[in-house]
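Reader: I would like a close look at a single part of this model, taken slowly enough that each pairing can be followed residue by residue. Please begin with one pair of strands and work outward from there.

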Amino acid sequence: MKKNTLLLTAVMAATSLTASAQYVYRDELPVLTATDATEVDDYGFTANWIPITDDDVLMSSKALGYYVQVYAAKTAKTQGEKFYFINTDFSFIKSQYTVDNPQTDITVENFFVKGSLNEPNRPAGWIVVNAGQADGVFTLDCKLNKAICNGALVLSYNDLSIGGGKVHFRFKVRSSGEKNKDGKIIPRTLGVHMRDTSKFPNEDVSSHMVTDITNEWKEVEFTLDKGPKQGDILIMGEDVGNLTSMFLFMDDLQVWTELEEGETGCVIYEDKFLKDDTEASSLYFSVNPEKLYKGEDFAYTAHAYNLEGVSYDSNIVFVGYNTAVNAPEAEAAVDANTPVVVYNLSGSVVARGTVGNMPAMPKGVLIVK
């Protein structure tokens, strides 16, 4: 029987010096100016910026190239609008394994496996460490001593000071129900930590412990405050597995902040380095606008980088996708002049027109947008 795999790209955790330093801001690197996106269509866009040209700046900064971050971003039009760092029921995870029979061979002894969650709306925003496998839920394998690295879900670097520094959490969690020698289920603990990543080692500024987790689903909701400008969120098992697999399962995960009017929330969608080319001024990104939440857009910042870190953020540029129409919960007016695009199942465009004027359709199963 062919095994259906979890939708994450698990790789052995060996990070390059460049990757490990990418979120360290360096004063000696010049701040770039990002310019408007070009070649914007339903499949992607080109991010642009003004390149470094002054030879003296190049010598003093020792820049090696560029680093571009693409975000799912939202600017609040009214006070208290929700911006989701993640909002998912994990239905995108498909596996032959279940909460009663999770996969047990993910974690490598005395090491850890790191990858991207690949959540459809936030593909690069969330990192997983020592994830197990079970259908339709997120699984943490806590078999290691947590000082080495227990199972964890991590929001990569983000501005957590927005929304007054308050981040709200709602999810449900259960364990795999290991029992002690008396036959009683051992209660487990899940820790949720908000950390300041501008300091080394990272400083825990606010945390919450979900205790007494058993093999019955437990619903929790809480708020962390003191969100830092440069921060991350670490969700991890707090118990020591001592090389024996023990699992925590999460479902219906929502993490959000409530923006102030005019405030912008961002979470990384994708990021890329453009190495050893300081003359470059553009970089193409493939994106799917239909994956954005209501009211969001794609946006980007450009940075110079060297082996010690990156320059401070450039101005943020919004690409211009209309997510009020793309979002499933949005209501859009349709009339005879509304554009229509028809795709085949391979994603190729087979016809274009309007509601009131469409060419003849080819036979077969089609997708109409």
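Author: In this predicted model, a good place to begin is strand S3, residues 44-49, which pairs with S17 in the antiparallel sense over five bridges. Within that pairing, Phe 45 has Phe 285 of S17 as its bridge partner. In general terms, the strands of a sheet pair through backbone hydrogen bonds, and the pairing may be either parallel or antiparallel.

The pair belongs to an open sheet of three strands, which has the order S2-S3-S17 and antiparallel pairing. The edges of this sheet are taken by strand S2 (34-41) and strand S17 (282-286), and because each of the two has a single partner strand, one side of each is left without a neighbour in the sheet. From one strand to the next, the twist averages 20°.

A second antiparallel pairing, with four bridges, joins S8 and strand S15, the latter made of residues 247-259. Here Leu 140 has Leu 248 in S15 as its bridge partner. Strand S8 (residues 138-141) is covered on both faces, since Phe 138 and Leu 140 on one side are buried, as are Thr 139 and Asp 141 on the other.

Moving to the loop between strand S14 (231-237) and S15, one finds Glu 238, whose side chain makes a polar contact of 2.8 Å with the side chain of His 193. Glu 238 counts as buried because its relative accessibility is 14%, and the cut-off for that term is under 20%.

The charged pairs come next. Side chains of opposite charge can pair when their charged atoms come close. Nine salt bridges are found when the whole structure is searched, and among them is the one between Glu 178 and Arg 188, with the closest N and O atoms 3.5 Å apart. Glu 178 lies in the loop between strand S10 (167-175) and strand S11 (188-196), whereas Arg 188 lies in strand S11, so this pair ties together parts that are ten residues apart in sequence. Arg 188 itself is buried, its relative accessible area being 10%.

Another salt bridge joins the side chains of Lys 74 and Glu 81, at 3.6 Å from N to O. Lys 74 is buried, with 12% relative accessible area, and Glu 81 also counts as buried, at 17% relative accessibility. The salt bridge between the side chains of Lys 199 and Glu 203 is likewise given as 3.6 Å, N to O, but there Lys 199 is partly exposed at a relative accessible area of 39%, and Glu 203 is partly exposed at 37%.

Two loop residues deserve a careful look for their backbone angles. Most residues other than glycine have a negative phi. Asn 118, although not a glycine, has a positive phi of about 60°; Asn 118 lies in the loop between strand S6 (113-116) and strand S7 (126-129), where Asn 118 is partly exposed, with a relative accessible area of 30%. Lys 226, again a residue other than glycine, has a positive phi near 70°, and the place of Lys 226 is in the loop between strand S13 (218-224) and S14. At 60% relative accessibility, Lys 226 counts as exposed, the cut-off for that term being over 50%.

Conventions:
Residues are numbered from 1 along each chain as its sequence is written. This is a predicted model: local features need pLDDT of at least 70, side-chain atom pairs count only at pLDDT 80 or more; totals for chains, interfaces and linings use all residues. Side-chain values use heavy atoms; hydrogens and water are left out. A salt bridge is a side-chain nitrogen of Lys or Arg within 4 Å of a carboxyl oxygen of Asp or Glu. Buried means under 20% relative accessible area, exposed over 50%, partly exposed in between (1.4 Å probe, protein chains only). Two strands pair if DSSP finds at least two bridges between them. Axes are lines fitted to C-alpha atoms, for helices over the stretch in contact, and angles run from 0 to 180 degrees between N-to-C directions. A polar contact is a pair of N or O atoms within 3.5 Å; within protein, one must be able to donate a hydrogen and the other to accept it, and residues adjacent in sequence count only if both atoms are side-chain atoms.
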